[in-house]
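Here are a few exercises to work through with the model open in your viewer. Try each task before reading its solution.

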Amino acid sequence: MKKALSLLTVSAMAVSMLAGCGSSNTAATTAAATTAAATEAAATEAAKTETAAATEAAAAATEAATEAAAEAGSADLADKKVGVCIYQFSDNFMTLFRNELQSYLESLGFKAENISIVDGANDQATQTNQIQNFITSGVDVLIINPVNSSSAATITDMVTEANIPLVYINREPDAQEEERWATENMNVTYVGCDARQSGTMQGEIVLDLENKGDINGDGKVSYIMIEGDPENVDAQYRTEFSVKALTDAGVEVECLDDQVGNWDQAQAQSLVANSLAQHGKDIEVVFCNNDAMALGALQAIEAAGETVGTDVYLLGVDALQEACDNVKSGKQTGTVFNDHISQSHSAADAAVKYLTGEGNEHYIGCDYVKVTTANVDDILASLG
Ligand code: BGC
């Protein structure tokens, strides 16, 4: 009797865990309730007869109902249409993000032909048209990486007036817009990391160096800053907080140059080449708001005959594979892992929770991770 009950308890627990871990939609929940009922009925039966056969029957019932629950869940999602707007396909980081998003959505049970991902080509008018087309075509949920986060209020109104839930990714709308989602009880959320953390981590990597970034020993850290597209708050925060980490630690800094490279490798290469031509070895640290620009910076540094680690330090953000390889070989001082895997999964999970009626908080965050030679192998392994 005791054995039978404890076996049943374990089965019931396994069922409830499955329902919680997987796509938690209404059909799955209903099926899980059926499962619980089946489990209960079987428990009564087992209690009555106290035979091993009854226990086995209960386990079989549990298993069958669990499978039914899983099938009901994925069948529901297979019929759902997801529209995904990416601000620009040629962006290295957003390419990793969208590929992971596509495959994770499929693994949740969405059919490939029901997932439509479009390229905004860095043009808000183009993206606004794409959103309008998605609305007209009757998508069930939208995931949007806005070209201009300042257009978020307009986008939100268009989408919510059509009663479509909305998950913003990567480019965070401002606080006023996010507050409106809460006060007006809108099915809108943002999934992303807090870019202040990534900036701070870049500064901390410099602080952890033996000379704290002061290569020439003149008592101050002379740096140049290569910024991403100012439309993304990530660029503003990384610029501010990387330097703030140094000054908060009492390190004197001097800004030799601060330029906008728009997240782009080629633009960064030419900006850093110009800076090196002007300031040469006075530059001790090159802060880049992302790794694509750090790769461009490295090309310029090497073309100028300088060596990272001895003549200059180089920092990026994202943990692109190539940048991690450079960290490993010493050609880049460090980077910060911008977890596209966790962010894309959270965005897809949030979309599912809107579809099942469970709903979401209006902000879903994730953590950055510092990357140096100390842990780069682990990060490379996790990138697969
Ligand atoms: C990434 C950049 C990317 C940008 C796009 C940032 O979070 O770090 O690499 O270009 O998002 O908006």
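**Exercise 1.** Find the residues that lie nearest the centre of the largest cavity.

*Solution.* Begin with the lining of the largest cavity in this predicted model, which is made up of 13 residues. Nearest the centre you will find D91, F93, N170, N232 and W263. Next, take the volume: the largest cavity holds about 100 Å³ of space. The structure has 2 cavities of 30 Å³ or more. Finally, look at what fills the space: the ligand takes up the largest cavity.

**Exercise 2.** List the residues that surround the ligand and sort them by character.

*Solution.* With a cut-off of 4 Å between heavy atoms, the shell consists of Y87, D91, F93, N170, R171, N232, D234, R238, W263, N290, D318 and N338. Sorting this shell gives 3 nonpolar, 4 polar and 5 charged residues. Then turn to the domains: domain 2 (80-193 + 340-366) and domain 3 (196-337) each supply at least three residues of the shell.

**Exercise 3.** Which distances separate oxygen atoms of the ligand from polar side-chain atoms of D91, D234 and D318?

*Solution.* Start with D91, where a side-chain N or O atom is 2.5 Å from an oxygen atom of the ligand. For D234, the distance from a polar side-chain atom to a ligand oxygen is 2.6 Å. At D318, a side-chain N or O atom lies 2.5 Å from an oxygen atom of the ligand. As a last step, consider cover: on its own the ligand has 310 Å² of accessible area, and the protein covers 99% of that.

Terms used
Residues are numbered from 1 along each chain as its sequence is written. This is a predicted model: local features need pLDDT of at least 70, side-chain atom pairs count only at pLDDT 80 or more; totals for chains, interfaces and linings use all residues. Side-chain values use heavy atoms; hydrogens and water are left out. A polar contact is a pair of N or O atoms within 3.5 Å; within protein, one must be able to donate a hydrogen and the other to accept it, and residues adjacent in sequence count only if both atoms are side-chain atoms. Accessible areas come from the Shrake-Rupley method with a 1.4 Å probe; for residues, only the protein chains shown count as cover. On a 1 Å grid over the protein atoms alone, a cavity is a set of points where a 1.4 Å probe fits but cannot get out, and a pocket is an open set with protein on both sides within 12 Å along at least five of seven lines; lining residues have an atom within 4 Å of a point. A molecule sits in a cavity or pocket if more than half of its atoms lie within 2 Å of its grid points. Ala, Val, Leu, Ile, Met, Phe, Trp, Tyr, Cys and Pro count as nonpolar, Asp, Glu, Lys and Arg as charged, and the others, Gly among them, as polar. Domain bounds come from an automatic or database domain assignment. Grid points are joined across faces, edges and corners, and a volume is the space filled by probe spheres set on the points.
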